[in-house]
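Reader: I would like to learn how to read a few features of a structure. Please give the general idea of each and then the case at hand.
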Amino acid sequence: MGADSKLLMVVLDAAEPARVESLLDAGKLPTLAELRQTGGYRRVASTTDWWVASPWPSFYTGTPPSRHGFYYYLWWDPETLVSSRPDRHRFDAEPFWRSALPEDARSIVIDGSEMHRPASGDNIELSGWRTHDILSEPWVYPSSLGEELARKGLRPAPLVESYAPLRQDDIRKAQADSNEATESVGQLARLLLPRETWDFALVSLTAPHMAGHQLWSATSLAPDAEPGCASLQRAALDDIYMNCDRVLAEVLEAGHDASNVIVCSLHGMEHNRNRGNVLQDMLDVILGEQRSALHGDTGVIGRVRELLPESIRHAVKSRLPMQWQDRLTGYWRTGGYDWSSTKAFSFVPDLQGYVRVNLAGREKHGIVPAEEYEDVCRAVCEGVMQFHDADDGEPIVEEARPLNSFEPREALRAFMPDVAINWADSPAAKHTSISGPNGASIPWPLPGRNGDGRSGNHTAHGFLVGSGPAFDGGELDAWNHILDFADNISRLVRGCTGRR
């Protein structure tokens with residue numbers, strides 16, 4: 001490889017390999033098909049098996065969640081008893097393109113996810129342009145580039161996910177918004193890649209992520225949705241994938257002098273198996289005397305929340321500054337607890353179940369003595385395994401593990417869950433009620449629908465297509481997990497630039 005070789009990486013965020021493969025076989029992703037033909041394709045493992053929001057930090061640091069600590073976009077604070085996005089003091093991970101590449105190597109990162117703005121350096125980086133997951137308000141580095149883009153009428157506008165039941169117009173809007181987001185990121189790539197000096201470039205197309213949550217299946221449709229909405233939903237999601245392929249061709253043209261090209265997803269998407277909306281009820285059953293969940297008085301805000309339709313709540317919330325959005329989310333999820341009787345509580349995240357022990361000396365109003373900590377964790381792990389679907393008897397939990405089993409860094413224990421729960425691999429929306437120990441029965445709040453409004457959710461696998469001299473013969477054995485990517489890419493860029 002020559003000294004002026006480049007590596008271009010395009011992330012199709014949360015694109016599901018099974019759907020990609022189906023569309024490839026149908027001839028509907030011609031750009032990706034050509035890359036696959038000239039290089040290689042494989043599925044890759046991800047870190048979403050236990051930690052829903054961990055893929056991006058795991059990818060860009062090359063370390064597992066037990067090392068970097070990013071398990072969810074809202075981190076619990078035992079002092080304030082609320083969750084918020086981690087600042088640089090709590091989460092200081094640096095991407096490999098800032099820390100592991102040669103000093104004179106240059107990178108362009110367009111719409112990377114879950115990362116802080118760089119403090120210095122010569123790279124060009126943007127986050128939150130159309131990104132699904134961000135740590136802060138959108139940013140552009142350097143600031144002069146942001147000013148230039150604003151003068152051109154180009155401004156960030158992150159995709160806003162709707163959690164309300166979908167009708168025909170909602171599906172079409174989700175499709176249009178997703179495709180516009182893809183076009184917008186493609187526009188940035190066409191502007192920046194040809195004119196800037198770079199050795200490594202990353203372009204993230206986030207549309208498959210949000211669209212996968214909203215459009216995966218009919219379980220996100222309104223009960224009175226128009227006939228044909230399910231087929232419209234499937235066609236819309238396919239079109240979003242196909243539009244990514246069209247913009248991919250434009251990105252490849254803009255970065256045409258790249259010797260090696262990687263197109264990948266860091267995790268996939270499938271039916272939603274999240275039962276987090278009943279987890280606190282399960283904890284109340286397991287721990288017996290606690291009556292801590294949102295059954296009590298949650299104050300004026302909580303009562304207003306229950307009175308307002310879901311669509312109005314999310315429409316209002318999406319217009320608030322991010323800090324207020326997070327405060328509302330945190331309040332709705334953990335507000336109203338009677339801490340004096342709460343031994344353990346649920347974070348109610350987006351995929352797995354996460355439980356925190358109300359530990360004395362750690363939580364502000366902790367009541368569980370240190371010597372009882374492991375007993376409570378054990379009771380939760382054993383107890384959740386006893387719950388099953390009331391109709392077919394199938395378990396709703398695949399596995400539950402205490403935090404100690406993940407061997408996290410000591411500094412991470414202050415904010416991570418004490419128990420992580422992997423739900424059974426079946427659609428959560430099938431439930432009418434959940435049965436548990438001692439004859440417990442917990443009604444499913446929305447039979448036929450998901451409590452979080454999503455029909456799709458993350459899988460623990462993605463895919464990778466590699467094309468170029470580094471992938472001659474379709475050799476991808478070294479790329480079997482997203483944790484492999486940082487070292488592999490760093491090695492390729494060092495080899496391409498001839499610098500060490």
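Author: The turns below take salt bridges, then a sheet, then cysteines. This is a predicted model, in which local features need pLDDT of at least 70 and side-chain atom pairs count only at pLDDT 80 or more, while totals for chains, interfaces and linings use all residues. Residues are numbered from 1 along each chain as its sequence is written, and side-chain values use heavy atoms, with hydrogens and water left out.

Reader: How many salt bridges does the structure hold?

Author: Side chains of opposite charge can pair when their charged atoms come close. A salt bridge here is a side-chain nitrogen of Lys or Arg within 4 Å of a carboxyl oxygen of Asp or Glu. The structure holds 24 of them. One network of salt bridges links Arg 88, Glu 94, Arg 98 and Glu 125.

Reader: Which parts of the chain does the pair of Glu 180 and Arg 130 tie together?

Author: Their closest approach, N to O, is 3.1 Å. Glu 180 belongs to helix H7 (residues 168-195) and Arg 130 to the loop between S6 and strand S7 (139-141), so the pair ties together parts 50 residues apart in sequence. Helices (H or I, at least four residues) and strands (E, at least two) are DSSP runs, numbered from the N terminus.

Reader: Is Arg 130 buried or exposed?

Author: Buried means under 20% relative accessible area, exposed over 50%, and partly exposed in between (1.4 Å probe, protein chains only). Arg 130 is buried at 7%, whereas Glu 180 is partly exposed at 40%. In another salt bridge, Arg 454 and Asp 350 meet at 3.7 Å, N to O; these two residues are 104 residues apart. Arg 454 is buried at 3%, and Asp 350 is buried at 15%.

Reader: In what order do the strands of the open sheet run?

Author: Strands of a sheet pair through backbone hydrogen bonds, either parallel or antiparallel. Two strands count as paired if DSSP finds at least two bridges between them. Here 3 strands form an open sheet, ordered S13-S16-S17, with antiparallel pairing. Strand S13 (388-389) and strand S17 (441-443) are the edge strands, each pairing on one side only. S13 is joined to strand S16 (residues 433-435) by 2 bridges, and His 388 stands opposite Ser 435 in S16.

Reader: Why is Cys 381 not bonded to Cys 377?

Author: A disulfide is a pair of cysteine sulfur atoms within 2.5 Å. The count is 0 disulfides. The sulfur of Cys 381 has that of Cys 377 as its closest cysteine sulfur, but the two are 6.6 Å apart, too far for a bond. Cys 377 is buried at 5% relative accessible area, and Cys 381 is buried at 12%.
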